[in-house]
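Trainee: I should like to learn how to read a model of this kind. May we look at it together?

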Amino acid sequence: MRITELLDIKSIDLNASPANKRETLDAAVELMAKSGKITDKEAYKKLVYAREEESTTGVGEGIAIPHGKGACVAKPGLAAMVIKNGVDFEALDDEPVNILFLIAAPDTKDNVHLDVLSKLSMMLMDEDFRNNLINAKGPQDFINIIDAADEERKSVDESLAETSIDNGGAKIVAVTSCPTGIAHTYMAAEGLEKAAKKAGIQIKIETRGSSGAKNILTDADIAAADAVIVAADAKVPMDRFAGKKLIQRKVADGINKADELVALAVSGEAPVFEASGAEGKEEKKSGGGAHNVYTWLMAGVSHMLPFVVGGGILVAIAFLIDTIAGYGASGSGNFGSITPLAALFKNLGGTAMGLMVPVLAGYIAYAIADRPGLAVGFTGGLLASNGNAALANFVFADGKNIVLGDATTPLGGFSQFLAKFGFQAGGNTVSGFLGGIAAGFLAGGIVLLLQKICAKMPAALDGIKPMLIYPLVGIFLEGLIMIFILNPVIGVVNTSLSNMLQAIGDSGMLWLLGMILGAMMAIDMGGPINKAAYVFGTGMLTQASASNDPAFQQIAYISMAAVMVGGMCPPVGIALANLLFPKKFTKAEKSTVVTNFIMGASFITEGAIPFAAADPIHVIPATLVGSGVAGLLVAVFKCTLMAPHGGLFVVATIGNPLMYLLAWLVGSVITCILLGLLKKPAQEF
């Protein structure tokens, strides 16, 4: 099959001038529809957009190759656009796109068209070929240019077969792969081949595309190579490269940074790859530093997300049940668990949400150090979410004596040290999701260090390393650092924050108190700063119930209103941003829109945690400002709240409710707008 067999002359536009990416894709789909190769234009358009949401198909060098594969495609086809003035397509190199080929692929076992499309992808890496297409005099000339180049160009298999190594000179081997395996895989291979040829280096490239692995590297190839390059966003068998100098990057780097990768391979400075026998582990450990950190973090976030969604909605249902039962206006601290059915839902939801931080930490550690990191990471996450064990639960409750019945035994100096610094009250030392992130990276680092230390142990002891040494020593070291360093520091911060809030409240500056309380609720969403604000608000409620001073009661109720509105803004602001700025979020993140609206309305701030964990630098400033403004407005409007939880389900306990809702809306919209301004377009690895 030739490339031009897929391209209908009616599906070529050489004078396109779309204003943005969306217009570009819509126009390309219209061109494809003219060819008659798709049976449902709207269904096909959804496939194209869904693929684009996963990651941009603007591959760089002015090229975009969007594609859709599904039952709505009757037979394989191409549509082509030349955009001489360029269009912003969010390309991997941030350069405008001048030439676009849209692919339509049927969902069948017959993949003969894949080889043709792969060949076109490789041809597009030739600058002269691209320029000829851009300057084509008409659609027929465009087709003729492709046909002539297709005639001269060898097939994909023949081209790959020419990438081989012998016994002379510097030589490298490479693997390229992407999740769809239609374009990026082969463009990266072409880029690496050209870069190696320019550098005078022998190279053999294995591609792992939709039609399977091609030009597979043999053991002899790998043994003879001076270095290995893996440019892939999909799983690649890695254990075969043990002991070789290896560079692992995104597939896009094989397209746009091929010269850099080849130069690094030739320099001899690439790290030596160590295999453990667990296939896929090394994929997670090697590669660029910033890319790896993001990948490790997202591994934790993606595993945490179901706990947030499932648990959060169950808790929201608990509030709804108690509201229907007539307790929405009670202001009770037991709201959400007053009726047995509500208590059941709240217990189930609370248990699931209680696992968020341990799962986050555990799977960050797993991404870094594979299975041995799980136990260490989970333990660190539990310590981050629960804080240090409450002193009152132990027989040395006073920190100075062991009390058993009527017998009292004084503690020694070291035991007093342990009691003082290792067993502080749990609520004062909870570090939340930020502590969970730290615990996950700490656990991964500890296990990697232990693996390195144990590498020289006798082979006979290999069996006890993952089952005994790594979990035993790893959990002990993780626990020491969390209990005696991180958690006590959090305790000091909590105490200081509480004292600061009390001083501001005593000064009468309600607007400042409201702003700070609102902002604190949106910084770490369930962490120490959030908890300090919430504990202050509920503490003020308790004092107000025992006070006969109307002025103090007003301060207390306004404080609680600022706390709750500050916690309601982040999930709703994030949900709005997902709707208004969809390209800023991943497909998984966009699927939580409804959930976040529900959580925000229920005062479940934790709905924002996956977003803050994935991109804290951009998300936290947006949520902080939005919630801070909402808290300020609540104080200015003198909105009051007599319930410690419940969100809209306890609206009957809110004083000046319309202004409260306005403050919530304003804070959420500010969060949304700031997210749209601050966040970069999403990338899925």
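Trainee: At which residue does helix 21 bend by about 25 degrees?

Mentor: This is a predicted model, in which local features need pLDDT of at least 70, side-chain atom pairs count only at pLDDT 80 or more, and totals for chains, interfaces and linings use all residues. Residues are numbered from 1 along each chain as its sequence is written, and side-chain values use heavy atoms, with hydrogens and water left out. Helices (H or I, at least four residues) and strands (E, at least two) are DSSP runs numbered from the N terminus. The bend is the angle between axes fitted to the seven residues ending at a residue and the seven starting there; proline 570 follows within four residues of the bend in helix 21, which lies at cysteine 569.

Trainee: How far apart are the end C-alpha atoms of helix 21?

Mentor: The expected span is 1.5 Å times one less than the number of residues. For the 31 residues of helix 21 (residues 550-580) this gives 45 Å, and the distance in the model agrees, at 44 Å.

Trainee: Is serine 177 buried or exposed?

Mentor: Serine 177 belongs to strand 7 (residues 171-177). Buried means under 20% relative accessible area, exposed over 50%, and partly exposed in between (1.4 Å probe, protein chains only). Serine 177 has a relative accessible area of 2%, so the residue is buried.

Trainee: Which residue stands opposite leucine 404?

Mentor: Strands pair if DSSP finds at least two bridges between them. Strand 12 (residues 401-404) and strand 13 (residues 407-410) are antiparallel, with four bridges. Opposite leucine 404, in strand 13, stands alanine 407.
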